[in-house]
Each structure stands twice: as structure tokens, then as C-alpha cells.
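Hi everyone, thanks for coming. I'd like to walk you through a structure that's probably new to most of you, so settle in and have a look at the screen.

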Amino acid sequence: MEDLLKVGVITTTHGVRGEVKVFPTTDDAARFLDLDYILLDTGKELRKLEIQNVKFFKNLAILKFKGIDNINDIEMYKGRELWIPREEGQELGEDEYYIADLLGLSVILEDGTHFGTLKDVMETGANDVYVVTTDEGKEVLLPAIKECILKIDLEQEQMTVHLMKGLL
């Protein structure tokens, strides 16, 4: 399991006083209101930045960090990811998982045969969609619904699925 969870990506600067627009990669953008700090992936290291202020605009969070008061101090970090330690993550409900924990799971058919590997999770409005690369190298999209995803076992690092008609 990952020790860090990605919560957003800096898209661009906002104004000239060091604020940034962040595309949230968390289910709840309001989550930023509860955070005291984030870890910025600078490309070389993780830099701890204290959050001074949070605003929202459309689907973006606008963050102001303590000690960064000029556009020139933050502009170089456009496109960089923002992370938090796992212990700062939100409590998950039953049948909820962090995407980072799902990636790489072995995908097993209900008859026990190996089908492929979970490579990505697409977040859509209705339900997530799991992107599975089959053993033959083909990409298959599986809806994250109970009729299709029968069991997720993080300890065994596998997901058991039922292939509904029309998915292949």
C-alpha cells in the first residue's frame, strides 16, 4: 500500500500573490479545508507546504501557501502533484477503496482463472470504471458495480469479477 495519497495537481497560478489552482484528485474537494499542509512533488523531493487559505472556483480548489507570496515562487510547479500522508486520509466506508490501493491488483474471473491486471480507474459521474489489461494485452473497461465486481481482497492483491454480457 502507498504511504502517500494524491489529492490534487497544480494546474496554473491564480493572481500574482502566490495562489494556485488545483485540480482535486479526491472525491471531495472540500477536503482541502480540513488539511493543514500538503506535500508538493517538486520533481526532486517532497516539499511540505502549510495551507494558509482555501477557496473554490468551479471544479478547482484555489490554495494559498504560507511563505509563498509571489507568483514567481510557485509558477515553476505547474503540473506538479500534491500528496498527503495516508494517515491524513479520510475514513473510508464499506466497499470504498483508495485508487492507489487498487492499481496493480490481479483480476480474477469468478471461475478462478486469471484475467488481467487493473491498470487505471476512470472516475465518472455515475460509477467508477476499472481499466483492466488482459493477459493478451487487450484493454477492457469494467464498471465498478456490484453485479460486475464481486470481491476486492487487498491482502491477496486481487479482484474477482463477473464479465457481464457486452463487456468484451
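Let me start with a definition, since I'll lean on it right away: when I say salt bridge, I mean a side-chain nitrogen of Lys or Arg within 4 Å of a carboxyl oxygen of Asp or Glu. And please keep in mind that what you're looking at is a predicted model.

With that term in hand, here's the pair I want to show you. Glu-81 and Lys-6 make a salt bridge, with their closest N and O atoms 3.4 Å apart. Where do Glu-81 and Lys-6 sit? Glu-81 belongs to strand β6, residues 81-85, and Lys-6 belongs to strand β1, residues 4-14, so this pair ties together parts that are 75 residues apart in sequence. As for cover, Glu-81 is partly exposed at 26% relative accessibility, and Lys-6 is partly exposed too, at 32%.

Now, how many salt bridges turn up in a search of the whole structure? There are six. I'll show you a couple of others.

Take Glu-19 and Lys-55: in this salt bridge the closest N and O atoms are 3.3 Å apart. Glu-19 is in strand β2, which covers residues 19-24, while Lys-55 is in strand β4, residues 46-57, so here the parts being tied together are 36 residues apart in sequence. Is Glu-19 buried or exposed? It's buried, with a relative accessible area of 13%. Its partner, Lys-55, counts as partly exposed at 35%.

Then there's Asp-69 with Lys-64, another salt bridge, where the closest N and O atoms are 2.7 Å apart. Lys-64 counts as buried here, because its relative accessibility is 8% and the cut-off for buried is under 20%.

Okay, let's zoom out to the whole chain. It has two helices and 12 strands. If you read along the sequence, you go through β-β-β-β-β-α-β-α-β-β-β-β-β-β. The C-alpha trace spans about 60 × 30 × 30 Å along its principal axes. Out of 168 residues in the chain, 37% are buried.

What does the record say about this stretch of sequence? UniProt, in an unreviewed entry, places a feature called "domain: RimM N-terminal" at residues 7-87. In the model, that span is 52% strand and 5% helix, and the C-alpha atoms at its two ends lie 13 Å apart.

For contrast, let me give you some distances elsewhere. How far apart in space are Gly-67 and Glu-110? Going C-alpha to C-alpha, it's 54 Å, for two residues that are 43 apart in sequence. Gly-67 is in the loop between β5 and α1, with α1 being residues 71-74, and Gly-67 is exposed, with a relative accessible area of 65%. The other pair is Leu-163 and His-14: they are 149 residues apart in sequence and 46 Å apart in space, again C-alpha to C-alpha. You'll find Leu-163 in the segment after β12, and at 23% relative accessibility Leu-163 counts as partly exposed.

On to the surface. Which residues form a negative patch? The patch is made up of Asp-27, Asp-28, Asp-34, Glu-96 and Glu-123. To pick out one of them, Asp-34 is in the loop between β2 and β3, where β3 is residues 37-41. Asp-34 counts as exposed, at 57% relative accessibility.

Last topic: backbone angles. Lys-58 isn't a glycine, yet its phi is positive, at about 55°. Lys-58 is in the loop between β4 and β5, with β5 running over residues 60-65, and it counts as exposed at 76% relative accessibility. Glu-157, which is also something other than glycine, has a positive phi near 55°. That residue is in a loop as well, between β11 at 149-153 and β12 at 158-161. Glu-157 is exposed, at 53% relative accessibility.

So, if you take one picture away, make it the pair we began with: Glu-81 in β6 and Lys-6 in β1, tying together parts that are 75 residues apart in sequence. Thanks, and I'm happy to scroll back to anything on the screen.

Technical notes
Residues are numbered from 1 along each chain as its sequence is written. This is a predicted model: local features need pLDDT of at least 70, side-chain atom pairs count only at pLDDT 80 or more; totals for chains, interfaces and linings use all residues. Side-chain values use heavy atoms; hydrogens and water are left out. Helices (H or I, at least four residues) and strands (E, at least two) are DSSP runs, numbered from the N terminus. Buried means under 20% relative accessible area, exposed over 50%, partly exposed in between (1.4 Å probe, protein chains only). UniProt positions are given in the numbering used here, feature names are shortened, and annotations may be inferred rather than shown by experiment. Patches are made of residues with over 30% relative accessible area and no salt bridge: like charges are joined within 9 Å, nonpolar side chains (Val, Leu, Ile, Met, Phe, Trp, Tyr) within 5 Å. Accessible areas come from the Shrake-Rupley method with a 1.4 Å probe; for residues, only the protein chains shown count as cover. Lys and Arg count as positive and Asp and Glu as negative; His and the chain ends are not counted. The place of a charge is taken as NZ of Lys, CZ of Arg, CG of Asp or CD of Glu.
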